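Work through the exercises below with the model open. Each task is followed by a solution in steps.

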Amino acid sequence: DPKAKQGKVAVKSKFKKGKKTITAKVGFGVGKKRGKERRKLEVFFAMLTTGFGGWLLFPSQAMTSPGLADVRGIMSEAKWGWLFLTVGLAHCVWLAVNGARWWSPLVRFWAAYAAGGIYAVWCVNIAAYDPSSTGVFTYGMLGAGSWACCVFAWRDALTAMRVHRAIATHS
């Protein structure tokens, strides 16, 4: 479809049920400027989480701050690094795959939710040690940003589920 190449329509399907023809157009926000901006933010947070995980995997000790003592008590620095890296890479992969499967926005949602949760754990543990620490604000905002990406992914997931149900119902 030439419109799909222009970014106006990502998926266009027609279903015939009796005498009615139903046309479903799904863009998942790809062709709209607002959708592109949301996706850029989501890509940024996915790559940030991936990069942070890689940073924690360096052989040096990055988590020596006393505010992170409780976080180190939960898992070692290397395990935190692998967790951040895995969640971030999963989010990046499903952003790339998005739309190829109807359920891919759901995976994006859960990856963003997991990243926000991990950042929130760090925020709360640092706040328990020193509520005025810059880490409270930094990790809190990283968590909030990741959870904002959940809203974008959830919108795409609702659209994808509606189209999937329409296809299943009318095929």
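A nonpolar core is a set of buried Ala, Val, Leu, Ile, Met, Phe, Trp, Tyr and Cys residues joined through side-chain atoms within 4.5 Å. The model used here is predicted.

**Exercise 1. The core**

Find which residues touch the most other members of the largest nonpolar core, and which helix gives the most to this core.

Solution.
- Step 1. The largest nonpolar core has 23 residues, and Trp-80, Phe-84, Trp-122 and Tyr-139 touch the most other members.
- Step 2. At least two residues of this core come from each of helix H2 (33–56), helix H4 (77–97), helix H5 (104–129) and helix H6 (134–170).
- Step 3. H5 gives the most, with eight residues.
- Step 4. Take Trp-80 and set aside its neighbours within four places in sequence: its contacts are then Leu-56, Met-63, Val-71, Ile-74, Met-75, Ile-118, Val-121 and Trp-122.
- Background: in soluble globular proteins, nonpolar side chains tend to be buried together.

**Exercise 2. The charged network**

Determine how many salt bridges the structure holds, and which residues they link in a network.

Solution.
- Step 1. The structure holds three salt bridges.
- Step 2. Asp-156 pairs with Arg-39, with 3.2 Å between the closest N and O atoms. Asp-156 lies in helix H6 and Arg-39 in helix H2, so this pair ties together parts that are 117 residues apart in sequence.
- Step 3. Arg-108 and Glu-42 meet through their side chains in a salt bridge of 2.7 Å, N to O. Because Arg-108 lies in helix H5 and Glu-42 in helix H2, the pair ties together parts that are 66 residues apart in sequence.
- Step 4. Arg-108 also forms a salt bridge with Asp-156 (3.0 Å, N to O). This pair links Arg-108 in helix H5 to Asp-156 in helix H6, 48 residues apart.
- Step 5. Arg-39, Glu-42, Arg-108 and Asp-156 are therefore linked in a network of salt bridges.

Next, classify the four residues of the network as buried or exposed.

Solution.
- Step 1. The cut-off for buried is under 20% relative accessible area.
- Step 2. Arg-108 has a relative accessible area of 0%, so Arg-108 is buried. Glu-42, with 0%, is buried as well.
- Step 3. Asp-156 has 6% relative accessibility and counts as buried. Arg-39 has a relative accessible area of 17% and is buried.

**Exercise 3. Two adjacent positions in H6**

Compare Ser-146 and Trp-147, both in helix H6: is each one buried or partly exposed?

Solution.
- Step 1. Ser-146 has 2% relative accessibility, so Ser-146 counts as buried.
- Step 2. Not counting residues up to four places away in sequence, Ser-146 touches Phe-45, Ala-112, Ala-115, Gly-116 and Tyr-119.
- Step 3. Ser-146 and Leu-41 are 105 residues apart in sequence, while their C-alpha atoms are 9.1 Å apart in space.
- Step 4. Trp-147 has 37% relative accessibility, so Trp-147 counts as partly exposed.
- Step 5. Trp-147 forms a nonpolar surface patch with Trp-110 and Tyr-113, and together they have about 360 Å² of accessible area.

**Exercise 4. The whole chain**

Describe the chain: which pattern does the protein chain follow along the sequence, and how many disulfides are counted?

Solution.
- Step 1. The protein chain has six helices and two strands, in the pattern α-β-β-α-α-α-α-α.
- Step 2. Of its 171 residues, 38% count as buried.
- Step 3. Among contacts between residues at least 6 apart in sequence, 63% join residues at least 24 apart.
- Step 4. With a cut-off of 2.5 Å between cysteine sulfur atoms, the count is zero disulfides.

Technical notes:
Residues are numbered from 1 along each chain as its sequence is written. This is a predicted model: local features need pLDDT of at least 70, side-chain atom pairs count only at pLDDT 80 or more; totals for chains, interfaces and linings use all residues. Side-chain values use heavy atoms; hydrogens and water are left out. Buried means under 20% relative accessible area, exposed over 50%, partly exposed in between (1.4 Å probe, protein chains only). Helices (H or I, at least four residues) and strands (E, at least two) are DSSP runs, numbered from the N terminus. Contact means heavy atoms within 4.5 Å. Patches are made of residues with over 30% relative accessible area and no salt bridge: like charges are joined within 9 Å, nonpolar side chains (Val, Leu, Ile, Met, Phe, Trp, Tyr) within 5 Å. Accessible areas come from the Shrake-Rupley method with a 1.4 Å probe; for residues, only the protein chains shown count as cover. A salt bridge is a side-chain nitrogen of Lys or Arg within 4 Å of a carboxyl oxygen of Asp or Glu.
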